[in-house]
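Here's a friendly walk through a protein chain you may not have met before. Have a look at the picture first, and then we'll go through it piece by piece.

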Amino acid sequence: MNPLILAQEIIDGRRITREDDLSYFLTCDLDELCEGADRIRKAYIGDKVDLCSIINGRSGRCPEDCKYCAQSVHNHTSCEIYDFLPEEKILEACKMNEEEGVDRFSIVTAGKALTGKEFDQAIHAYETMHKECNIDLCASMGFLSSEQLHRLHEAGVTSYHHNIETSKRNFPNICTTHTYDMKIETLKKVKAEGMCACSGGIIGMGETWEDRLDMAVSLAELGIDSIPINALMPIPGTPLEHLDQL
């Protein structure tokens, strides 16, 4: 198999599955692999780069123990701690990003899930942004219920972000307070609601190349619409602080 031939097959509709020999991607010619990927990019995306900007709507005190995260109560960092931001501050940031030509704006919140009064505040903020701004809206608020996702959708949110972070095999090495399957179920709810599903992960957390390939296939199986790939920034005070940056 040649990467350029494979790229054309993908453009024509082929999809890579777990039954394929994924080790091929670790041994094929890198320049040809990059050229094949670029041909797929040209065919499906063109030259438009979508810009998504976020605001940290609630910071710190997260009960989850994700080893990469500065906002976890299990880690000892100097992260800023505050409750849900005033709507005026969120709206100001949204309008500024829209004026700068950003395509999508998202509120992200620390914690397992945004609930109660703070979730109601978020809904009102999205309703205001949807009414006063002309920018696509996204949310990243943890493990929400189907009802919560529907309320966000009605408020004008078209995309929901929820990273799976790594492979199913490696996930317990990264987090023990929730499971990989919980993340999968949340993303299925996002897709069922008819929202754009945004999910990817972090590389450089001690995973293998096989873990990275497995994560990619998992995202494909879920039909994820937008895939952010982050490289770990080892933060002092977290269990991964001693890892080398990629």
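Let's start with a single residue: His162 sits in the loop between β4 and α7 (171–174). Keep in mind as you read that this is a predicted model. Is His162 buried or exposed? Its relative accessibility is 4%, so His162 counts as buried. Leaving aside residues up to four places away in sequence, His162 touches Gly142, Phe143, Lys183, Thr186, Leu187, Cys198 and Ser199.

Now for the sheet. Five strands make up an open sheet, and their order is β1-β2-β3-β4-β5, with parallel pairing. The edges are taken by β1 and β5 (196–198), each of which pairs on one side only. On average, and ignoring direction, neighbouring strands in this sheet are turned by 25° against each other. As background, strands of a sheet pair through backbone hydrogen bonds, either parallel or antiparallel.

Two of the strand pairs can be looked at in detail. Strand β1 (residues 52–58) and β2 run parallel and are joined by six bridges. Within that pair, Ser53 stands opposite Phe105 of β2. Strand β3 (residues 136–140) and strand β4 (residues 157–161) also run parallel, with three bridges between them. Here Cys138 has Ser159 in β4 as its bridge partner.

How many residues of strand β2 (residues 104–109) are buried? Five of the six are, so β2 is largely enclosed by the rest of the structure.

On to the helices. Two packed helices are described by the angle between their axes and the distance between the axes. Here are two such pairs side by side:

| Helix pair | Axis distance | Crossing angle |
|---|---|---|
| α6 (residues 146–154) and α8 (residues 180–193) | within 10 Å | roughly 45° |
| α4 (residues 87–99) and α5 (residues 116–132) | within 10 Å | roughly 35° |

Take α6 and α8, whose axes cross at roughly 45°. That crossing makes α6 oblique to α8. In terms of handedness, α6 passes α8 in a right-handed crossing. On the α6 side the contact is made by Ser146, Leu149, His150 and His153, while α8 brings in Thr186, Lys189, Val190 and Glu193. Sorted by class, this contact of α6 with α8 has two nonpolar, four polar and two charged residues. You may recall Thr186 from earlier, as one of the residues that His162 touches.

The other pair is α4 and α5, and α4 passes α5 in a right-handed crossing. Which residues meet there? From α4 come Glu87, Ile90, Leu91, Cys94 and Lys95, and they meet Gln121, His124, Ala125, Thr128, Met129 and Glu132 in α5. By class, the contact of α4 with α5 has five nonpolar, three polar and three charged residues.

Last stop: Ala7, which lies in helix α1 (residues 3–11). With a relative accessibility of 3%, Ala7 counts as buried, because the cut-off for that is under 20%. Not counting residues up to four places away in sequence, Ala7 touches Gly36 and Ile40. How far is Ala7 from Met233, C-alpha to C-alpha? The two atoms are separated by 31 Å, and the residues are 226 residues apart along the chain.

Notes:
Residues are numbered from 1 along each chain as its sequence is written. This is a predicted model: local features need pLDDT of at least 70, side-chain atom pairs count only at pLDDT 80 or more; totals for chains, interfaces and linings use all residues. Side-chain values use heavy atoms; hydrogens and water are left out. Axes are lines fitted to C-alpha atoms, for helices over the stretch in contact, and angles run from 0 to 180 degrees between N-to-C directions. Helices (H or I, at least four residues) and strands (E, at least two) are DSSP runs, numbered from the N terminus. Angles under 35 degrees count as roughly parallel, over 145 as roughly antiparallel, 65 to 115 as roughly perpendicular and the rest as oblique. A crossing is left-handed if the near helix is turned anticlockwise from the far one by less than a right angle, and right-handed if clockwise. Contact means heavy atoms within 4.5 Å. Ala, Val, Leu, Ile, Met, Phe, Trp, Tyr, Cys and Pro count as nonpolar, Asp, Glu, Lys and Arg as charged, and the others, Gly among them, as polar. Buried means under 20% relative accessible area, exposed over 50%, partly exposed in between (1.4 Å probe, protein chains only). Two strands pair if DSSP finds at least two bridges between them.
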